[in-house]
Amino acid sequence: MTSKTLSKSEKSYIQTSLQAPDPLRGDGRSLYQFRAVTLQTGIAPIANGSAHLNLGQPSDGSTGGTEILAAAKLEVEDIGLGSGSGGVEGGRIACVVSWCVGLVSFFLFSSFSGEKLKGARKKSSPAAYSHLSAAALDDLQHDYSTILNDVISHASLRPPNLGIVPGRKAWLLTLDLMVLSDAGNVYDALFMAARAALCDTRVPRTRAVEYRPNQRGGGVRNESDMDVDSEQQSGLDTRLSKALAADFELEDYWDEGAALGGRDAWPVSVTLNWFPGVHFLDATTQEEASAPMRLILIYSFTAGSPAALHGMRLLGSGEVDLGQIELLVKEGGKYALEIYTALNNKLKDEEQRRTEKARLKFSAAR
């Protein structure tokens, strides 16, 4: 339980309001209405892709809401049984969820190395879950990390452009998500932030380097029996052939790299909070504590293909039969499509904003 404990009277009041003929929520929303989502991408200059998402921030701009910071970092790792790095052909993705308080500004606006950040996390206290014990925090971190890693790192969602040198090297994409504050519905916020960061990720362009030893043994003879010196060629060949490539080099290109492949397939999550006879979306922490059961559904939507259900998790102590679950899964697909469409629109707006900002900056520098 991530939310603080409610009294019996508080739970009864919230449950009665939600199950009334004319349901009433504390913030005036309807049962299926989400809180406002604010999104920014490209906020971490040392990352290959990043996003900052706030679900439910007050309209006056004050602090509040469920706040997530996501950053993707690419590292080269060796492939093979003897490498010891765990690299796989075609690359891989690893997801980690954590929390940090005092270093957010450093991570956003300065060149703060990953090792320093990793060590500093251990010294910081999570403001999002200050009421939880250390053991509960470890369990919660494992739960968040597992559900994201199991879905996003699955081979069916692996981007096609994470490979570098076949059989030798590939990219490891580490997706690090930090829960800065939790005002409810953190699973949906985590998947939205993860999708935004992955859509913002750029993969550096590489060129294979092949080693060919120079041929020795003097010249060769042509058709007129004349000795002709063989063509001298460097042992390092950077042509596009990758059959015998031994290493790679980064291409000098004007942009930050190619967009991460398969971006349309990155999933979104929708959490259905269930009472007997009624369900609602985007619960606050108080509503989550009052709901006997939550059903988390994770969908992806690819052009020309039906919705794909990548994961499902049932949380809570309530009881629900199979028929009700089937109905909730069917309804959940509709809600997830609405989330997917709205998030894509925000990502397009954010991309246009950043493109215009870069254009103005380039014009001013001329």
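A helix here is a DSSP run of H or I that is at least four residues long, and helices are numbered from the N terminus. Keep in mind that this is a predicted model.

**Exercise 1. Place D188 and work out whether it is buried or exposed.**

Solution. Start with the secondary structure: D188 lies in helix 5, which covers residues 186-200. Next, check the cover. Buried means under 20% relative accessible area. D188 has 0%, so it counts as buried.

Now look at who surrounds it. Skipping residues up to four places away in sequence, D188 touches F34, S269, V270 and T271. With T271 there is a polar contact, side chain to side chain, at 2.9 Å. Finally, try a C-alpha distance: D188 and V268 sit 7.1 Å apart in space, although 80 residues separate them in sequence.

**Exercise 2. Do the same for S145: which helix holds it, and what does its side chain reach?**

Solution. S145 belongs to helix 4, residues 134-152. Its relative accessibility is 14%, and because the cut-off for buried is under 20%, S145 counts as buried. Then follow the side chain: it reaches the backbone oxygen of Q141, 2.9 Å away. Leave out residues up to four places away in sequence, and S145 is seen to touch C95, V96 and V97.

**Exercise 3. Find the residues that touch the most other members of the largest nonpolar core, then trace the contacts of I152.**

Solution. The largest nonpolar core has 67 residues, and the ones touching the most other members are Y129, I152, L175 and L177. Helix 5 gives this core its largest share, 12 residues. There's also a second, separate core of 10 residues, with L6, L18, V278 and A291 among them.

Back to I152. Ignore neighbours within four places in sequence, and its contacts are I93, C95, L157, L175, F191, A194, L198 and W266. One of these, C95, is also touched by S145.

**Exercise 4. Zoom out: how many helices and strands are there, and what share of the residues is buried?**

Solution. Count the elements first: seven helices and 17 strands. Then burial: of the 366 residues, 42% are buried. For the surface, the protein exposes about 20,100 Å², with carbon and sulfur atoms supplying 53% of that.

Last, ask how far along the chain the contacts reach. Take contacts between residues at least 6 apart in sequence: 72% of them join residues at least 24 apart. The I152 to W266 contact is a handy one to look up in the structure.

Notes
Residues are numbered from 1 along each chain as its sequence is written. This is a predicted model: local features need pLDDT of at least 70, side-chain atom pairs count only at pLDDT 80 or more; totals for chains, interfaces and linings use all residues. Side-chain values use heavy atoms; hydrogens and water are left out. A nonpolar core is a set of buried Ala, Val, Leu, Ile, Met, Phe, Trp, Tyr and Cys residues joined through side-chain atoms within 4.5 Å. Buried means under 20% relative accessible area, exposed over 50%, partly exposed in between (1.4 Å probe, protein chains only). Helices (H or I, at least four residues) and strands (E, at least two) are DSSP runs, numbered from the N terminus. Contact means heavy atoms within 4.5 Å. Accessible areas come from the Shrake-Rupley method with a 1.4 Å probe; for residues, only the protein chains shown count as cover. A polar contact is a pair of N or O atoms within 3.5 Å; within protein, one must be able to donate a hydrogen and the other to accept it, and residues adjacent in sequence count only if both atoms are side-chain atoms.
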